[in-house]
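Visitor: Could you take me on a close look at a single part of this model? I'd like to see the empty space inside and what sits around it.

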Amino acid sequence: MIISSSKPFSEILDMLADKESVFIVGCSVCAAKQHVGGEPEVEEMRSNLKDAGINVIGGVVAKAACSVRSCEALEELAPEIKDADAVLVMACGSGTSNIARFVDVDVYPANNTQSLGAMAGDKVIHHLCAMCGQCTIAEFGGVCPTAQCPKELLNGPCGGSMDGKCEVDPEKDCAWELIYERLERIGRLDLLDEVRDAKDRLVK
């Protein structure tokens, strides 16, 4: 799941200030689950923009903004989109970029994309994957140090953590504490004996 948060409404108003007709596209997958782009949020955005004097000509929630496949598919969902001179996308950066491929007007993001994460119950879990293209999480018990350790350490903790919390962000659990606990639980502490080279950022 791609983790996103809503931009400040004032920022959205600034982006749309000189637009004559705005269409809103939401996303029923990640954005909807995080309440930043589902049906209720699109309707609320439509109402708030209208109250602010922005002419909103329509809105739709795509099944998945990142998987809309053509202009025709988009217009089939919402024929009035072709009359807009701006599209506001309430999805992640991937969804916003994808929608921009199919419309010949300005496309604006309503959300800030933060990380690749997950949801456990109602809790959003950030930074589970750094999308580095060199996945090695099996060596760390399924916990990714590239994503979850701010220093991206691959051979153990930095020594600055206190009481299992990260030195850089004391609100976060130390990634290496999580790795150790997980490997101990599954009987694979032997994986800690390996020395790993830094990842090659040029490899994708």
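**A look at the cavity and its surroundings**

Guide: Let's start right at the wall: the largest cavity is lined by Cys149, Pro150, Lys151, Pro157, Cys158, Ser161, Cys166, Glu167, Val168, Cys174, Ala175 and Trp176. Keep in mind that this is a predicted model. Sort that lining by character and you get nine nonpolar residues, one polar and two charged. The space they surround has a volume of about 80 Å³. How many cavities of 30 Å³ or more does the structure hold? Just one.

How does anyone find a hole like this? Rolling a probe the size of a water molecule over the atoms shows where empty space is left.

Now for the largest pocket, which has a volume of about 490 Å³. It has 18 lining residues, and the closest to its centre are Ile125, His126, Gln148, Asp173 and Leu178. The mix here is six nonpolar, four polar and eight charged residues. Which element gives the most to this lining? That's strand E7, with six residues. Helix H7, residues 175–185, is also in on it: both E7 and H7 supply at least two residues each.

Let's follow E7 away from the pocket, since it belongs to a sheet too. Three strands make up this open sheet, in the order E1-E6-E7, with antiparallel pairing. E1 (2–6) and E7 (123–129) are the edge strands, and each has a single partner, so one side of each has no neighbour in the sheet. From one strand to the next, the twist averages 65°.

At the other edge, E1 and strand E6 (residues 111–120) run antiparallel and are joined by five bridges. If you want a spot to zoom in on, find isoleucine 2, which stands opposite leucine 116 in E6.

Finally, step back to the whole chain. The domain assignment splits out domain 1, covering 2–115, and domain 2, covering 130–192. Their C-alpha centres lie 36 Å apart. There's also a record to compare with: an unreviewed UniProt entry annotates residues 108–200 as "domain: Methylene-tetrahydrofolate reductase C-terminal-like". Over that annotated stretch, 108–200, the chain is 16% helix and 20% strand, and the C-alpha atoms at its two ends are 33 Å apart.

Technical notes
Residues numbered from 1 in each chain as written. Predicted model: local features only at pLDDT ≥ 70, side-chain atom pairs only at ≥ 80, totals over all residues. Heavy atoms only, no water. UniProt positions renumbered as here; feature names shortened; annotations may be inferred. Helix = DSSP H or I, 4+ residues; strand = E, 2+ residues; numbered from the N terminus. Pairing = 2+ DSSP bridges. Axes fitted to C-alpha atoms, helices over the stretch in contact; angles between N-to-C directions. Domains from an automatic or database assignment. 1 Å grid on protein atoms, 1.4 Å probe; cavity = no way out; pocket = protein on both sides within 12 Å on 5 of 7 lines; lining within 4 Å. Points joined across faces, edges and corners; volume = space filled by probe spheres on them. Nonpolar A, V, L, I, M, F, W, Y, C, P; charged D, E, K, R; others polar.
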